[in-house]
Amino acid sequence: MATLLHDAVMNPAEVVKQRLQMFNSQHRSALSCIRTVWRTEGLGAFYRSYTTQLTMNIPFQSIHFITYEFLQEQVNPHRDYNPQSHIISGGLAGALAAAATTPLDVCKTLLNTQENMALSLANISGRLTGMANAFRTVYQLNGLMGYFKGIQARVIYQMPSTAISWSVYEFFKYFLTKRQLESRTPY
């Protein structure tokens with residue numbers, strides 16, 4: 001449920017961010033981008049990649065958590081508070097999850113940006129809709145390698161993010177558990 005709500009809020013933000021990042025973007029600010037997209041494409045443009053986003057985030061989170069737990073079993077089997085193990089396991093888990101879900105991210109980006117050059121090369125007039133069409137278009141334009149464009153940037157972006165997230169989570173878990181145990185201990 002959290003992923004459904006998160007993506008419902010973040011998908012429009014991702015559309016705006018990606019359109020601002022495009023080479024030669026016509027948009028000069030987030031607000032102008034929102035207004036233009038709303039006026040020219042309607043509300044649906046902000047959710048064109050919603051199902052792709054969900055399809056990406058569910059396996060991403062699954063791979064991420066399973067990998068983190070597996071790595072913790074390997075490097076920290078007693079589950080002690082060990083910042084180094086949390087950083088390493090978190091970073092590697094994020095890297096693997098990011099790499100595995102890059103094809104979905106590439107398709108989501110194409111749906112969000114409606115990149116004119118790509119659409120014209122694929123002989124698509126109008127708007128590209130749906131995950132299946134995005135997958136076909138990416139393959140048509142770049143073959144199998146097209147699904148992995150930007151994989152290095154995606155992995156480099158996710159590694160520190162997930163390493164920091166896990167180390168902060170583990171710190172607070174340790175800190176709060178320690179305080180709770182100390183408050184129960186009779187003096």
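**R79 and its loop**

I started with R79, which counts as partly exposed at 34% relative accessibility. I placed R79 in the loop between α3 and α4. The model is a predicted one, so I kept an eye on confidence as I went along. Its backbone caught my attention: R79 has a positive phi of about 55 degrees, although it is not a glycine. As a reminder to myself, most residues other than glycine have a negative phi.

Next I asked which residue R79 forms a salt bridge with. The partner is E73, and the closest N and O atoms are 3.1 Å apart. I looked up the cover on E73 too, and it is partly exposed, with a relative accessible area of 44%.

**A second positive phi**

I found another entry of this kind at N123, whose phi is positive at about 60 degrees although N123 is not a glycine. N123 sits in the loop between α6 and α7. Is N123 buried or exposed? At 69% relative accessibility, N123 counts as exposed.

**Confidence check**

I paused here for the pLDDT values. The protein has a mean of 91, and 98% of its residues reach 70 or more. Where is confidence lowest in the protein? I found the answer in helix α6, residues 116–121, at a mean of 80, while the highest value belongs to α4, at 98.

I then picked L121, which lies in helix α6. L121 is exposed, with a relative accessible area of 56%. I also took a distance from L121 to S161: the two C-alpha atoms are separated by 35 Å, and the residues are 40 apart along the chain.

**The nonpolar cores**

On to the interior. In soluble globular proteins, nonpolar side chains tend to be buried together. The largest nonpolar core here has 10 residues, and I listed V106, C107, L110, L111, A118, L119, L128, A134, V138 and Y147. I noted that α5 (102–113), α6 and α7 (131–142) each supply at least two residues of this core. Which helix gives the largest share? It is α5, with four residues.

I followed L111 a little further. Leaving aside its neighbours within four places in sequence, L111 is in contact with R48, S49, T52, L128, T129, G130, M131 and A134. There is also a second, separate core of six residues, including V15, V16, A45 and F46.

**T113 in α5**

I stayed in helix α5 for T113. With 10% relative accessibility, T113 counts as buried. Which residues does T113 touch beyond its neighbours within four places in sequence? I wrote down Q18, R19 and M22. For a longer span I checked T113 against N76: they are 37 residues apart along the chain, and their C-alpha atoms are separated by 42 Å.

**Salt bridges**

R19 led me on to the charged pairs. My search of the whole structure gave 10 salt bridges. R19 forms one of them with E41, the closest N and O atoms being 2.6 Å apart. This pair links distant parts of the chain, with R19 in helix α1 (residues 2–21) and E41 in helix α2 (residues 30–41), 22 residues apart. I checked the cover, and both R19 and E41 are buried.

I then turned to R154 and D105, whose side chains meet in a salt bridge at 3.6 Å, N to O. R154 lies in helix α8 (residues 151–184) and D105 in helix α5, so the pair ties together parts that are 49 residues apart in sequence. R154 is buried, with a relative accessible area of 12%, and D105 is buried at 16%. Following shared partners, I saw that salt bridges join E14, K17, D105, K108 and R154 into one network.

**A nonpolar patch outside**

My last stop was the surface. Which residues form a nonpolar patch there? I noted Y81, I164, V168, F171, F172, Y174, F175 and L176, with about 730 Å² of accessible area together. I looked up Y81 on its own as well: its place is in the loop between α3 (50–75) and α4 (83–100). Y81 is partly exposed, with a relative accessible area of 32%. The patch cut-off is over 30% relative accessible area, so Y81 meets that condition at 32%.

Note on methods: Residues numbered from 1 in each chain as written. Heavy atoms only, no water. Patch = residues over 30% accessible without salt bridge, like charges linked within 9 Å, V, L, I, M, F, W, Y side chains within 5 Å. Areas by Shrake-Rupley, 256 points an atom, 1.4 Å probe, with all protein chains shown as cover. Salt bridge = Lys/Arg side-chain N within 4 Å of Asp/Glu carboxyl O. Buried < 20%, exposed > 50% of the residue type's maximum accessible area, 1.4 Å probe, protein only. pLDDT = per-residue confidence, 0-100. Core = buried A, V, L, I, M, F, W, Y, C linked by side-chain atoms within 4.5 Å. Contact = heavy atoms within 4.5 Å.
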